[in-house]
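Here are some friendly notes to read alongside the model. Please keep the sequence and the 3D view open as you go through the points.

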Amino acid sequence: MTHGIIPAALTGFGTGLSLIVAIGAQNAFVLRQGVRRQSVLAVVAICAVSDAALIALGVAGVGAFVTAWPPALTLVGLVGGAFLICYGVLAARRVLRPTPGAALQAGDTATGTAADPDTTPSGATTAASSMTATTTATATATTTARNSSTATASATTATAAQAPATGRTATGHTAARRAATRRAVLTCLAMTWLNPHVYLDTVLLLGSLAADRGDLRWAFGAGACLASLIWFGALGYGARLLSGLLARPSAWRVLDGLVAATMVTMGCLLLARA
């Protein structure tokens, strides 16, 4: 038994990886988030944990129940197909109407200069400018009226007046980052749980293959879960290596074009099969 655990886990790892590593809606979304460095941890965690939960359900035998009730997959196919087509249309719109500054944001992210509000708040730049202006004003006032307590008090008052504005700017960018993270999480959840192929691959196919392993089925499932975690982690965090390439607007349009084609094609296929 002990000697068979490792081979079963390795088999599950290879099988799971072969099913996950394919051009699909979920992988395209993770790639885009990884390139833009937006909510990568949340997206990778959702994909990996969702796969692990579905694989566990398949290994536990839930696949037989899903097979016995076909309307479940039909409903998911209709909703998921419509969702993928809508997302594909939005990606196609970005191709026709590129977002101003998208390429600049990618280049700045690659060099560590954050222009993307989801990477580093631009409120920091505003704060730095405010501090520089305040310092300059204070130095000028001190030089002009060396012993004037009135001038010093005015400079201090100006500094205090600028602090609330800087705080409000930073708060606004924090709220924008949270809103972007919330949108990414909801989109990732929809692409994962409204895609019938996910159920076919994890619950049905992997569940059936695991059942053939008998008592070693959980080792097989653990290997498949590990494959999912490694793949999504590599895809999300490895995508940043493409940031330099995607510093050009034309490269972003190509990426969005591929995403749009993938989403619309898969959406149409899902609706046709539902």
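1. A residue is called buried when its relative accessible area is under 20%, exposed when that value is over 50%, and partly exposed in between. Leucine 271 has 35% relative accessibility, so this residue counts as partly exposed. Please bear in mind throughout that this is a predicted model.

2. Let us start with the overall fold. The protein has 11 helices and 0 strands, so the pattern along the sequence reads α-α-α-α-α-α-α-α-α-α-α under the usual run-based assignment. Among contacts between residues at least 6 apart in sequence, 88% link residues that are at least 24 apart.

3. How much of the protein counts as buried? The share is 37% of its 274 residues. The accessible surface is about 14400 Å², and carbon and sulfur atoms account for 70% of that area.

4. Back to leucine 271, which sits in helix α11, spanning residues 249-273. On the surface, Leu271 joins Leu75, Leu78 and Val79 in a nonpolar patch, and together they have about 330 Å² of accessible area. Helix α5, residues 71-96, gives the most to this patch, with 3 residues.

5. Now look inside. The largest nonpolar core contains 27 residues, and Phe29, Val43, Val259 and Met263 have the most contacts within it. Two or more residues of this core come from each of α2 (25-36), α3 (40-60), α5, α8 (149-193), α10 (217-238) and α11. Which helix gives the most to this core? That is α11, with 7 residues. Another core lies apart from it, with 6 residues that include Ile55, Val59, Ala210 and Ala224.

6. Valine 43 is a good place to zoom in. Setting aside residues up to four places away in sequence, valine 43 touches Phe29, Val30, Gln33, Ala184 and Cys188.

7. The cysteines deserve a look of their own. How many disulfides does the structure hold? There are 0. The closest cysteine sulfur to that of cysteine 47 belongs to cysteine 188, at 3.5 Å, and this is too far for a bond because a disulfide needs the two sulfur atoms within 2.5 Å. Is cysteine 47 buried or exposed? With 0% relative accessibility, cysteine 47 counts as buried. Cysteine 86, on the other hand, has a relative accessible area of 49% and is partly exposed.

8. Arginine 32 is worth finding in the 3D view. This residue belongs to helix α2. Its relative accessible area is 6%, so arginine 32 is buried. Which residues does arginine 32 contact, leaving aside neighbours within four places in sequence? They are Tyr87, Arg94, Trp252 and Asp256.

9. Finally, turn to the start of the chain. Glycine 4 is placed in helix α1, residues 2-20. At 22% relative accessibility, glycine 4 counts as partly exposed, because the range for buried residues is under 20%. Along the chain, glycine 4 and aspartate 215 are 211 residues apart, while their C-alpha atoms are separated by 9.9 Å.

Notes. Residues are numbered from 1 along each chain as its sequence is written. This is a predicted model: local features need pLDDT of at least 70, side-chain atom pairs count only at pLDDT 80 or more; totals for chains, interfaces and linings use all residues. Side-chain values use heavy atoms; hydrogens and water are left out. Helices (H or I, at least four residues) and strands (E, at least two) are DSSP runs, numbered from the N terminus. Buried means under 20% relative accessible area, exposed over 50%, partly exposed in between (1.4 Å probe, protein chains only). Contact means heavy atoms within 4.5 Å. Accessible areas come from the Shrake-Rupley method with a 1.4 Å probe; for residues, only the protein chains shown count as cover. Patches are made of residues with over 30% relative accessible area and no salt bridge: like charges are joined within 9 Å, nonpolar side chains (Val, Leu, Ile, Met, Phe, Trp, Tyr) within 5 Å. A salt bridge is a side-chain nitrogen of Lys or Arg within 4 Å of a carboxyl oxygen of Asp or Glu. A nonpolar core is a set of buried Ala, Val, Leu, Ile, Met, Phe, Trp, Tyr and Cys residues joined through side-chain atoms within 4.5 Å.
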